[in-house]
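Student: Can we go through this chain together, starting with the whole and then picking out one detail?

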Amino acid sequence: MNIQSDNFQPIETDYEDFRNSVGTMDQSGKRKWVFPRKPKGKYTNYRNYLSYLLLALFFGLPFIKVNNNPIFLFNVIDRRFFIFGQPFYLQDFFILALGAVTSVIFVMLFTVVFGRIFCGWLCPQTIFMESVFRKIEYWIEGDRNKQMKLDRQEWDAEKIRKRLTKWTLFALISVIITNVMFMYIVGYEEVFKIITEGPVDHSLKFLGMIGFAIAFYFTFAWLREQVCTLVCPYGRLQGVLIDKQTINVYYDFKRGENRSKWRNNEDRKAVGKGDCIDCHQCVVVCPTGIDIRNGQQLECVNCTACIDACDEIMEKVGLPKGLIRYATEAEIENQEKFKFTSRMKATAAFLCLLIGFLGFLMYDRGTMEAKFIKPAGSTFFVKNGKITNSFIYTLLNKTNEKKVLTLKVVAPQNGEIDFFGPNTIILKGDQILKGNINITFPEKEIQFSKQNMTIGVFDEKGEMVDSFETIFEGPFKLLL
């Protein structure tokens with residue numbers, strides 16, 4: 001084999017016996033702190049770009065408004081919900097529930113084909129940990145070996161200064177993240193109001209924000225990768241969803257084994273050695289502390305740090321890249337080139353249909369909702385050959401535009417509506433309006449003591465935007 005680099009020496013690392021312990025736990029069952037080396041490479045750059053974009057969206061979206069409505073708001077307390085600037089109400093909860101179910105199905109099908117890519121590229125836990133908190137840690141304490149040295153040394157002035165600086169910044173960022181998260185719940189105006197007016201006037205909300213800030217700090221300062229390996233239910237679920245056709249980060253054991261340290265000017269293939277030079281660089285960069293060469297593991301979040309680390313070593317020793325790569329287990333076992341199979345195409349098409357279905361539900365939820373309810377304890381009255389019932393109406397404008405509305409009895413015919421006010425109703429965008437009306441029918445039109453009736457709501461163009469079926473009560477009649 002022609003080796004391009006005669007002067008390559010494996011990077012020295014300070015590591016224990018990786019093969020005799022789990023990445024985050026030693027043989028006694030005690031947690032082993034993970035000090036991942038700072039990754040670099042093509043995939044790391046792509047992940048950084050995507051993380052910066054998602055972080056910009058997270059911090060920026062609360063301040064964006066569409067038609068004077070927040071683009072996203074999930075105010076459970078006041079029951080105010082906005083998605084892409086469109087208001088949603090409790091009446092639309094079934095859409096949100098179906099959307100949640102659709103999202104779960106989407107994630108499951110996505111995992112069947114593409115593995116745990118979501119965890120390494122899109123999960124908020126990974127993005128905040130690797131693109132925010134971990135970078136601060138590298139900046140203050142240095143890379144892997146410096147962090148391990150600092151961890152072992154006594155609590156001298158240097159260690160106290162670096163740890164206090166890191167912990168202070170972690171706490172500050174946790175508070176900032178909490179404030180932005182609360183903007184998605186109560187709006188940025190309310191968050192600024194809580195900050196300016198102080199905790200005394202908003203004690204419950206302030207305590208809630210402090211509680212979430214502590215939770216964020218605890219998660220990113222101490223719990224860290226344990227969220228992915230022990231807490232997250234998706235990490236447990238993906239183990240039963242993947243199969244040999246699932247795309248994941250895999251080590252090509254057929255090409256890499258038998259592992260052996262690098263020796264210059266050696267024909268590794270002739271002496272029965274694989275391409276893996278046992279440098280452990282794929283291990284020391286792993287944020288969950290696993291050895292990808294031991295096969296697919298639940299702790300792997302598909303972050304691709306091991307791919308970049310291995311490709312860097314392969315390039316230095318003059319061996320082909322891709323010893324660790326995105327692949328399927330079947331591809332590794334059969335040494336076949338990856339193919340986008342019919343199963344993957346069908347699953348991807350179905351995922352697109354799910355997204356389209358969810359979009360249709362959100363679009364087709366209607367622009368108006370009307371209800372006509374008889375007041376409790378009310379009954380009909382008869383006067384001058386006419387029967388009258390009273391109703392309380394509730395009109396909900398689900399759009400951001402002003403609506404000019406009129407009410408008409410659609411069925412049965414000849415029903416008259418008497419308003420306690422103007423006959424035309426003006427409803428502002430995102431407004432709920434209640435009022436009272438009387439509906440009157442000639443006595444001969446009512447054949448039953450409880451007659452089915454439909455009331456229509458019409459816009460200024462004369463188009464019916466909603467209708468409501470209710471009961472019109474009249475005197476009991478004995479039909480012969």
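**Surface, shape and one helix pair**

Tutor: Sure! The accessible surface of the chain is about 26,000 Å², with 60% of that belonging to carbon and sulfur atoms; such areas come from the Shrake-Rupley method with a 1.4 Å probe, and for residues only the protein chains shown count as cover. Keep in mind that this is a predicted model, where local features need pLDDT of at least 70, side-chain atom pairs count only at pLDDT 80 or more, and totals for chains, interfaces and linings use all residues. Residues are numbered from 1 along each chain as its sequence is written, and side-chain values use heavy atoms, leaving out hydrogens and water.

Student: What share of the 480 residues is buried?

Tutor: Buried means under 20% relative accessible area, with over 50% being exposed and partly exposed in between (1.4 Å probe, protein chains only). By that cut-off, the buried share of the 480 residues is 46%.

Student: How do helix 4 and helix 5 pack, and at what angle?

Tutor: Helices are DSSP runs (H or I, at least four residues), numbered from the N terminus. Axes are lines fitted to C-alpha atoms over the stretch in contact, and angles run from 0 to 180 degrees between N-to-C directions. Helix 4 (residues 124-141) and helix 5 (residues 144-152) have axes 9 Å apart and an angle of about 70 degrees. Because 65 to 115 degrees counts as roughly perpendicular, that is what helix 4 is to helix 5: roughly perpendicular.

Student: Which residues of helix 5 make the contact with helix 4?

Tutor: Contact means heavy atoms within 4.5 Å. Helix 4 brings Glu-137, Tyr-138 and Glu-141, and helix 5 brings Lys-146, Gln-147 and Leu-150.

How values were computed. Helices (H or I, at least four residues) and strands (E, at least two) are DSSP runs, numbered from the N terminus. Angles under 35 degrees count as roughly parallel, over 145 as roughly antiparallel, 65 to 115 as roughly perpendicular and the rest as oblique.
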